[in-house]
Amino acid sequence: LQSCRGSMISESGMAPILANQRPVILDSFALHVIGLKRPEVTQDLVDRITRSEFECVILEQDPATERGRAWYRNVNLTAEIMNATLAHYRLDRVVAGQRIYRAVR
């Protein structure tokens, strides 16, 4: 995680702490709920992901599986955020169940 220099998105607040960064806590379930009523909030994050503003995106579920897709579609983040992540970031490695995606540049 320490190789993720710069800002990151993580479902867990522990990831930035382990990377010696100041965590900016994003409640990914709350984001999902807010995005249902205010799609512009989701779109803002999608746009930022599309521009690869974040060095890393760290996920707890595997979006390549049906269970992971359902998790992001119905519980955490959103399908739109996940689609943008998969289009602009690549899986770098899995550490202790945390999937680390890096911006494709």
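These notes walk through a predicted model, from its sheet and helices to its cores and a few single residues.

1. **The sheet.** Start with the strands. Four of them form an open sheet, in the order β1-β2-β4-β3. The pairing is mixed. β1 (8-10) and β3 (89-95) are the edge strands. Each has a single partner strand, so one side of each lacks a neighbour in the sheet. On average, neighbouring strands are turned by 20° against each other, direction ignored.

2. **The β3 and β4 pair.** How do β3 and β4 run relative to each other, parallel or antiparallel? They run antiparallel. β4 covers residues 98-103, and 6 bridges join it to β3. Look for two arginines here: Arg-90 stands opposite Arg-102 of β4.

3. **A helix across the sheet.** α5 lies across three strands, β2, β3 and β4. Its direction is at about 95° to β3.

4. **Two helices in contact.** α2 (residues 28-37) packs with α3. The angle is about 120°, and the axes are 5 Å apart. Because of that angle, α2 counts as oblique to α3. The class limits explain the label: 65 to 115 degrees would be roughly perpendicular, and over 145 roughly antiparallel.

5. **What the two helices bring.** On the α2 side, the residues are Leu-31, Ile-34, Gly-35 and Lys-37. They meet Pro-39, Val-41, Thr-42 and Leu-45 of α3. By class, this contact has 5 nonpolar, 2 polar and 1 charged residues.

6. **The largest core.** Which residues have the most contacts inside the largest nonpolar core? They are Leu-45, Ile-49, Leu-59, Leu-77, Ile-81 and Tyr-89. The core has 16 residues. At least two residues come from each of α3, β2, α5 and β4. Another core lies apart from it, with 7 residues. Cys-4, Met-8, Ala-19 and Cys-56 are among them.

7. **Leu-59.** This core residue is worth a closer look. Leaving aside neighbours within four places in sequence, Leu-59 is in contact with Glu-11, Tyr-72, Leu-77, Met-82, Gly-97, Gln-98, Arg-99 and Tyr-101.

8. **Leu-77.** This residue appears in the core list above, and also among the contacts of Leu-59. Leu-77 sits in the loop between α4 (66-74) and α5 (79-88). Is Leu-77 buried or exposed? It is buried, because its relative accessibility is 2%, and the cut-off for buried is under 20%. Its phi is near 50°, a positive value in a residue other than glycine.

9. **Ser-52.** Here is another positive phi outside glycine: that of Ser-52 is near 55°. Ser-52 belongs to the loop between α3 (39-50) and β2 (56-59). With 12% relative accessibility, Ser-52 counts as buried.

10. **Ser-28.** This serine lies in helix α2. Ser-28 has a relative accessible area of 5%, so it is buried. Which residues does Ser-28 touch, leaving aside its neighbours within four places in sequence? They are Glu-11, Val-75, Asn-76 and Leu-77. Glu-11 and Leu-77 are also among the contacts of Leu-59.

11. **Ala-15.** Helix α1 (residues 14-18) holds Ala-15. It counts as buried, at 5% relative accessibility. Along the chain, Ala-15 and Ala-96 are 81 residues apart. Their C-alpha atoms are separated by 11 Å.

Conventions
Residues numbered from 1 in each chain as written. Predicted model: local features only at pLDDT ≥ 70, side-chain atom pairs only at ≥ 80, totals over all residues. Heavy atoms only, no water. Helix = DSSP H or I, 4+ residues; strand = E, 2+ residues; numbered from the N terminus. Buried < 20%, exposed > 50% of the residue type's maximum accessible area, 1.4 Å probe, protein only. Axes fitted to C-alpha atoms, helices over the stretch in contact; angles between N-to-C directions. Parallel < 35°, antiparallel > 145°, perpendicular 65-115°, else oblique. Contact = heavy atoms within 4.5 Å. Nonpolar A, V, L, I, M, F, W, Y, C, P; charged D, E, K, R; others polar. Pairing = 2+ DSSP bridges. Core = buried A, V, L, I, M, F, W, Y, C linked by side-chain atoms within 4.5 Å.
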